[in-house]
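Biologist: Before we discuss this entry, I should like the reasoning behind each assignment. Please set out the basis for the terms used.

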Amino acid sequence: MFQLIQQNDGLSIGVFGIGGCGCNTLNSIFEQRESEQAHLYSVNTDKVVLEHTQSDEAVLIGAELTHGYGAGADPKVGLQAAEESKEQLLTLINGCDIILCATGLGGGTGTGASPYIAQLASEQGKPIIFVATLPFSSEGQFRNNIAQAGLNELKEHANAVITLPNDQLIEVLGNDIGLFDAFKHSNQILHSLIKSLIDMLCFQGLINVDLNDFAKIMDCQGDAVLGVGKCDEESELTTALDAALNNPLVNQVDMSSSTGVIIQVNCKDEISLGSYNLITDTVRQQVSPNALVICGVSKIESLTINYELLVIATGASSKMILDDTKSESSSKVVATKPKPSDIFDIPAFIRNQSAPPSKSSL
């Protein structure tokens, strides 16, 4: 019989939005945040972006270096800006038990500052997980090379890095999707992944994934994959699980080589023992027999849908899994129309074409 366990009220989760993409993600998370244990921090070299980002605290890094005008798409400037603001960043990092970061790679601030922030967190012994977007191929080889170099460096310091290649938006949404809508979908996935992590760690559960569980899984070396599946009926849980395991918008790794897996089931009502066993058995069959698999179950009455599944697999090899036959079921989950009020990551060369968002308090 499951025993209800109260989550540690003292747990502090720091959600960092780094650079333009990361700051945009915070806006949608801020509006829907339900846990007081999650603290949102926007980090940027661009003071205008910070003025339009909703967060608990805004950090303008490299104020003396850039004077608040951005990193100019130069990762070296982004790194130097973060180094200049080391003490401010350390203050935020030391106030967190777990750090979740949203960032975009291929530009200046996100690419340059993110690995440095990951390094600082690692030195302080803080588990840190990144969800990072990669640029469209059409944005040019130069920008893609910058993104790849930043990704490689980020993996050296972060406990886990989940990548979201924008090119795969075309695979799911098609070539006819509007440019702004495509970026909205990309940002919505970032929001969905990070919000699910917050829910897993903050809400009380029948079976809880606690800080030590999370840290142990995140400590597995190798690539990581994180997916979310949702459904209204318990009979559809296997479809939702398939969507979480085979999300075409998330850079897939070889699940069979994973050494650590967290499965989190969030539900409005009680889930049956049979469904619980089916979910855990299905995941166990896809990973190494020696993998550490931890499953949590939480009842969250405020969910917009009856069931939500979160799967985090770490310590895997970098082999990609892209099965076109599974894309259709996955796209039903991830292609949710975002709220019109969301602000999304638009490259600088087209960002000026849209009206600026309304000013929000920092």
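The exchange below concerns a predicted model.

Biologist: Why is Glu-308 called buried?

Modeller: The relative accessible area of Glu-308 is 6%. Buried means under 20%, so Glu-308 is classed as buried.

Biologist: What makes Lys-230 partly exposed?

Modeller: Lys-230 has a relative accessibility of 32%. Exposed requires over 50% and buried under 20%, and Lys-230 therefore counts as partly exposed. Arg-143, with a relative accessible area of 23%, is also partly exposed.

Biologist: Why is the contact between Glu-308 and Lys-230 called a salt bridge?

Modeller: The N to O distance between their side chains is 3.8 Å. The rule asks for a Lys or Arg nitrogen within 4 Å of a carboxyl oxygen of Asp or Glu, so this pair qualifies. The pair links distant parts of the chain, with Glu-308 in strand 11 (residues 307-316) and Lys-230 in strand 8 (residues 223-231), 78 residues apart.

Biologist: How many salt bridges does this rule give?

Modeller: The count is two. Arg-143 and Glu-139 also meet in a salt bridge, at 2.6 Å from N to O.

Biologist: How do you know that strand 2 pairs with strand 1 and with strand 3?

Modeller: Pairing needs at least two bridges. Six bridges join strand 1 (residues 13-18) to strand 2, and four join strand 2 to strand 3 (residues 57-60), so both pairings satisfy the rule. Strands 1 and 2 run parallel, as do strands 2 and 3. Tyr-41 in strand 2 is the bridge partner of Phe-16, and Leu-60 in strand 3 is that of Asn-44.

Biologist: Why is strand 2 described as largely enclosed by the rest of the structure?

Modeller: Six of the seven residues in strand 2 (residues 38-44) are buried, which supports that description.

Methods: Residues numbered from 1 in each chain as written. Predicted model: local features only at pLDDT ≥ 70, side-chain atom pairs only at ≥ 80, totals over all residues. Heavy atoms only, no water. Buried < 20%, exposed > 50% of the residue type's maximum accessible area, 1.4 Å probe, protein only. Helix = DSSP H or I, 4+ residues; strand = E, 2+ residues; numbered from the N terminus.
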